[in-house]
Amino acid sequence: MKVVILDSPAEVARYGADIFQQQLQRKPASVFGLATGSTPVQLYRELIARNRAGNISFRDVRSFNLDEYMDLPPTHPQSYRYFMDSEFFDHIDIDPANTRVPPGDAADPITACAEYEQAIAGAGGIDIQLLGIGRNGHIGFNEPTSCLTSRTRVKTLTRETIADNARFFAEGEHQPHLSVTMGIGTIMEARLVVLLATGASKAAAVKAMVEGPVSAWCPASMLQMHPAAVVIADEDAASHLSDPAFFKHIEAENQAMLARLGRG
Ligand SMILES: N[C@@H]1[C@@H](O)[C@H](O)[C@@H](COP(=O)(O)O)O[C@@H]1O
């Protein structure tokens, strides 16, 4: 697991956007696994700006989102489909038909989850999976105790996650307690995983993910087993790590090596 610690959320967004840009230059028809939440919004804005400037194109990209609430119609402002359209897809040159979000409103979610997995496999698998992290270490909606090899399925949200996300719902408004999420096994099959973490509220989860035992109590800790996972954290989110200076040293060495190889 590579850990990159940067000064600010803006730098986290730029570093993440650079990874997507390099991937698009290598493979214009990339398959992206995308995430919602407040953390990736700046990265999406950065990608939108680069798309508008003509530096990158999403014309041939296909995308699969990580998760969706159960029983919220795609037109609901808190649905993740609505979020992705309004925060990202509506502002870039992606073909809307190539964007998929898990089937939260399917009449038969079990069959629909299996079809979602088949669609990812049919697209050739995910090149980059973008992730945020919940305060309890969840990724997607894979809450603590999730099976570490799980596939796309219906998941019950913890009380903590429901409370964390309540800020997005109006008082008295129905807030789903169920979700459809890619599984941890699904995420682990992505060729590259990029997890963004910003703010002090994520510091304990980041420490558990990076330093803790691999455990279903911290689903993100499974990324320690991924051959190509990059955690991009700001100083606040990295503040509980035992030795942040070591990760900075590694990154400086990596950048120097890339510069020597002419890939900086
Ligand atoms: N299902 C999403 C996750 O994919 C996201 O990573 C997490 C953190 O959100 P935020 O980035 O707003 O802190 O919240 C939600 O529960």
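## The annotated domain

In its unreviewed entry, UniProt lists residues 11-225 as "domain: Glucosamine/galactosamine-6-phosphate isomerase". In the structure shown here, which is a predicted model, the end C-alpha atoms of residues 11-225 lie 26 Å apart, and the span is 33% helix and 14% strand.

## Residues listed as active site

The unreviewed UniProt entry also lists D67, N136, H138 and E143 under "active site". Of these residues, D67 and H138 are included in the lining of the largest pocket.

N136 is found in the loop between β6 and β7, and the same loop holds H138 and E143. The strands on either side of this loop are β6, which covers 128-131, and β7, which covers 153-156.

## Burial and contacts within the loop

Because buried means under 20% relative accessible area, H138 counts as buried at 12% relative accessibility. N136, also at 12% relative accessibility, counts as buried, and E143 is buried with a relative accessible area of 1%.

Leaving aside residues up to four places away in sequence, E143 touches both N136 and H138, together with K155, T156, L157, T158, T161, A216 and P219. With that same exclusion, H138 touches G132, I133, E143, T161 and P219, while N136 touches E143, P144, T158, E160, T161, W217 and P219. The side chain of N136 also takes part in polar contacts: one of 3.4 Å joins it to the side chain of T158, and another of 3.5 Å joins it to the side chain of T161.

## Surroundings of the ligand

Which residues are the closest to the ligand? There are 14 residues surrounding the ligand, and the closest are S38, T39, D67, H138 and K202. Two of these names, D67 and H138, also appear in the UniProt "active site" listing.

Several polar atoms of the protein can be placed relative to oxygen atoms of the ligand. In the side chain of S38, an N or O atom is 2.7 Å from an oxygen atom of the ligand, and in the side chain of T39, an N or O atom is 2.5 Å from a ligand oxygen atom. The backbone is represented as well, since a polar backbone atom of I133 is 3.4 Å from an oxygen atom of the ligand. On its own the ligand has 390 Å² of accessible area, and the protein covers 95% of that area.

Conventions
Residues numbered from 1 in each chain as written. Predicted model: local features only at pLDDT ≥ 70, side-chain atom pairs only at ≥ 80, totals over all residues. Heavy atoms only, no water. UniProt positions renumbered as here; feature names shortened; annotations may be inferred. 1 Å grid on protein atoms, 1.4 Å probe; cavity = no way out; pocket = protein on both sides within 12 Å on 5 of 7 lines; lining within 4 Å. Helix = DSSP H or I, 4+ residues; strand = E, 2+ residues; numbered from the N terminus. Buried < 20%, exposed > 50% of the residue type's maximum accessible area, 1.4 Å probe, protein only. Contact = heavy atoms within 4.5 Å. Near = heavy atom within 4 Å. Polar contact = N/O pair within 3.5 Å; in protein donor to acceptor, adjacent residues only side chain to side chain. Areas by Shrake-Rupley, 256 points an atom, 1.4 Å probe, with all protein chains shown as cover.
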